[in-house]
Amino acid sequence: MFGPGFDRPSCPDDPGRSYAELVGGPLDGLLLDITGWRPEETGDGVSLLTELGQFGPAGWALYDPRPGDPARWDWGGDSP
């Protein structure tokens, strides 16, 4: 992931790479590198391990691709 507090503080501009912006929730504004991911791998969304969510260090943030805008993924909640 990319964003404040990560290795690269701004939007990466890497040729040939694809990123999804995470919208809402604990990872709001960060970019997820989805280069090479197939739609069937992400159609139901992803669970991302994070210390920033409701459940602390062992928690997961759930994000789903936004219908009609696959470059933005919306937060669906946190999970233990």
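P65 is found in strand β4, which covers residues 59–66, in a model that is predicted. With a relative accessibility of 25%, P65 counts as partly exposed, because that class lies between the 20% under which a residue is called buried and the 50% over which it is called exposed. When residues up to four places away in sequence are not counted, P65 touches T42, G45, R72 and W73. A further residue, P39, stands 26 residues from P65 along the chain, and the C-alpha atoms of P65 and P39 are separated by 9.6 Å.

The strand that holds P65 belongs to a wider arrangement, which can be described from the chain as a whole. The chain contains one helix and five strands, and from the N terminus on its elements run β-β-α-β-β-β. Five strands form an open sheet with mixed pairing, in the order β2-β1-β5-β4-β3. The edges of this sheet are β2, residues 31–33, and β3, residues 46–50, each of which pairs on one side only. On average, and with direction ignored, neighbouring strands of the sheet are turned by 35 degrees against each other.

The pairings can be followed across the sheet, beginning at the edge strand β2. Strand β1, residues 19–23, is joined to β2 by three bridges, and the two strands run antiparallel; within this pair, A20 stands opposite L32 of β2. Between β1 and β5 there are also three bridges, but here the strands run parallel, and the bridge partner of L22 in β5 is W73. Strand β5, residues 69–79, pairs in turn with β4 in the antiparallel sense over seven bridges, and W60 has S79 of β5 as its bridge partner. Finally, β3 and β4 pair in the antiparallel sense over five bridges, with L48 standing opposite A61 of β4.

At one edge of the sheet, L32 lies in strand β2. L32 counts as buried because its relative accessible area is 8%, whereas the class requires a value under 20%. Although L32 and W73 are 41 residues apart in sequence, their C-alpha atoms are 9.2 Å apart in space. W73 is thus a residue that recurs in this description, as the bridge partner of L22 and as one of the residues touched by P65.

At the other edge, strand β3 shows a division between two faces. In a regular strand the side chains alternate between the two faces of the sheet. In β3, the covered face is made up of V46, L48 and T50, while S47 and L49 form the uncovered one. T50, which lies in this strand, counts as buried because its relative accessibility is 7%, a value under the 20% limit. The side chain of T50 reaches the backbone nitrogen of L52 at 3.0 Å. Leaving aside neighbours within four places in sequence, T50 is in contact with P26, L27, G56, P57, G59, W60 and A61.

A charged residue in strand β5, D78, deserves separate description. D78 is buried yet has no salt bridge, and the nearest side chain of opposite charge, that of R66, is 16 Å away. The absence of a salt bridge follows from this distance, because such a bridge requires a side-chain nitrogen of Lys or Arg within 4 Å of a carboxyl oxygen of Asp or Glu. The side chain of D78 does, however, have polar partners: it reaches the backbone nitrogen of Q54 at 2.9 Å, and it makes a polar contact with the side chain of W75 at 3.2 Å. With neighbours within four places in sequence left aside, D78 is in contact with P26, G53, Q54, F55, W60 and A61. Among these residues, P26, W60 and A61 are also in contact with T50.

For the chain as a whole, 30% of its 80 residues count as buried. Of the contacts in the chain with a separation of 6 or more, 36% are accounted for by residues 24 or more positions apart.

Technical notes: Residues numbered from 1 in each chain as written. Predicted model: local features only at pLDDT ≥ 70, side-chain atom pairs only at ≥ 80, totals over all residues. Heavy atoms only, no water. Helix = DSSP H or I, 4+ residues; strand = E, 2+ residues; numbered from the N terminus. Buried < 20%, exposed > 50% of the residue type's maximum accessible area, 1.4 Å probe, protein only. Contact = heavy atoms within 4.5 Å. Pairing = 2+ DSSP bridges. Axes fitted to C-alpha atoms, helices over the stretch in contact; angles between N-to-C directions. Lys, Arg positive; Asp, Glu negative; His and termini not counted. Polar contact = N/O pair within 3.5 Å; in protein donor to acceptor, adjacent residues only side chain to side chain.
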